[in-house]
Amino acid sequence: MRIMDTANPRKTLLKLDESLLSHLPPFSRLAKSQIRVILDQATSKRLDAGVAVFNEGDPADRFYMLLDGYVRVLRITPMGEQVTALHIPSGQLLGIAQALGRDTYPATAVTASDSIVLSWPMRLWDVFVAEYDGFATETRKTIGNRVGEMNTRIVEMATQQVEQRVANALLRLINQTGRKVEGGILIDFPITRQDLSELTATTLHTVSRLLSAWEKQGIVVSKRKEIKVLNPHALVELSQS
């Protein structure tokens with residue numbers, strides 16, 4: 001199964017200001033003049049939701065910075081089934097195959113909402129790592145955090161009941177992308193029950209049953225592609241039960 005970018009290409013954005021990157025970890029220790037040099041070598045695009053930024057197995061010819069929006073990282077099983085591996089919020093690098101010693105992308109990245117991405121030719125990766133203080137250090141932290149999240153999920157799948165896994169997944173999502181709204185914390189990108197089942201290695205039926213029960217208890221509100229957590233403390237208790 002291959003997710004194709006079939007959307008009409010949007011126009012490249014106007015010249016971006018250095019302040020857009022100055023607060024982001026890979027660039028936070030750079031002078032504005034250095035950020036300007038990096039931005040002048042970038043391509044910027046607006047992407048609609050549901051567009052593939054890159055596909056698993058494709059040559060890794062560019063790396064990316066998600067400037068705004070959210071990206072869903074997918075793996076395709078040998079049977080052709082799509083599995084959600086990670087969600088990446090704005091302000092993070094992605095497609096950094098060279099940092100992993102790869103020349104192809106290890107997964108597919110699809111926009112979960114309307115997004116803005118910057119990209120650079122992969123040949124510039126080693127240049128940025130060598131010339132810009134903090135770029136390599138912060139990139140290693142990003143990789144470490146993602147590996148840590150995957151390891152945590154593996155341990156959860158091996159040791160926890162489904163209810164705990166789903167509660168933990170929701171807690172991670174509100175920690176990464178939560179936005180305070182009236183009455184609770186909204187997971188601030190479109191997420192379906194199917195997505196949640198893939199993240200927790202369980203079935204759609206089980207996730208639907210749990211969310212319905214938690215709605216009756218006033219813990220969450222679940223609509224189509226939207227989940228709002230009303231009682232985070234109750235989720236913490238469920239995750240530890």
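# Strand pairing, burial and packing

User: Which residue of β8 does Arg-62 stand opposite?
Analyst: Arg-62 stands opposite Pro-121 in β8. This is a predicted model in which local features need a pLDDT of at least 70 and side-chain atom pairs count only at pLDDT 80 or more, while totals for chains, interfaces and linings use all residues. Residues are numbered from 1 along each chain as its sequence is written, and side-chain values use heavy atoms, with hydrogens and water left out.

User: What makes β3 and β8 a pair?
Analyst: Two strands pair if DSSP finds at least two bridges between them, and β3 and β8 share six bridges in the antiparallel sense, so the criterion is met. The strands themselves are DSSP runs (E, at least two residues; helices are H or I, at least four), numbered from the N terminus. Strand β1 (residues 43–47) also runs antiparallel to β8, joined to it by five bridges, and Arg-46 has Ile-116 as its bridge partner there.

User: How do you know whether strand β8 is mostly covered or not?
Analyst: Buried means under 20% relative accessible area, exposed over 50%, and partly exposed in between (1.4 Å probe, protein chains only). In β8 (residues 115–121), seven of its seven residues are buried. In a regular strand the side chains alternate between the two faces of the sheet. Both faces of β8 are covered, with Ser-115, Val-117, Ser-119 and Pro-121 buried on one side and Ile-116, Leu-118 and Trp-120 on the other.

User: Why does Arg-146 count as buried or exposed?
Analyst: Arg-146 has 17% relative accessibility and therefore counts as buried. This residue lies in helix α4 and, not counting residues up to four places away in sequence, touches Leu-86, Ile-88, Gln-92, Leu-93, Leu-94 and Ile-96, where contact means heavy atoms within 4.5 Å.

User: What makes Gly-57 count as it does, given its relative accessibility?
Analyst: Its value of 46% falls between the two limits, so Gly-57 counts as partly exposed. Gly-57 sits in the loop between β2 and β3 (62–68) and, leaving aside neighbours within four places in sequence, is in contact with Thr-104 and Tyr-105.

User: Why are α5 and α7 called roughly perpendicular?
Analyst: Angles of 65 to 115 degrees count as roughly perpendicular, under 35 as roughly parallel, over 145 as roughly antiparallel and the rest as oblique. Helix α5 (residues 162–177) and helix α7 (residues 204–216) pack at about 75°, with their axes 11 Å apart, and the two are therefore roughly perpendicular to each other. Such axes are lines fitted to C-alpha atoms, for helices over the stretch in contact, and angles run from 0 to 180 degrees between N-to-C directions.

User: Which strands are the edge strands of the four-strand sheet, and what makes them so?
Analyst: In the open sheet ordered β9-β10-β12-β11 with antiparallel pairing, the edge strands are β9 (178–181) and β11 (220–223), each of which pairs on one side only. The twist averages 25° from one strand to the next. Helix α5 packs on this sheet, touching β9, β10, β11 and β12, and its direction makes about 85° with that of β10.

User: What is the average pLDDT of the chain?
Analyst: The predictor's confidence in each residue, pLDDT, runs from 0 to 100; the chain averages 86, and 94% of the residues score at least 70. Over residues 1–12, however, the pLDDT is below 50. Where pLDDT is low, the predicted coordinates should not be read in detail.
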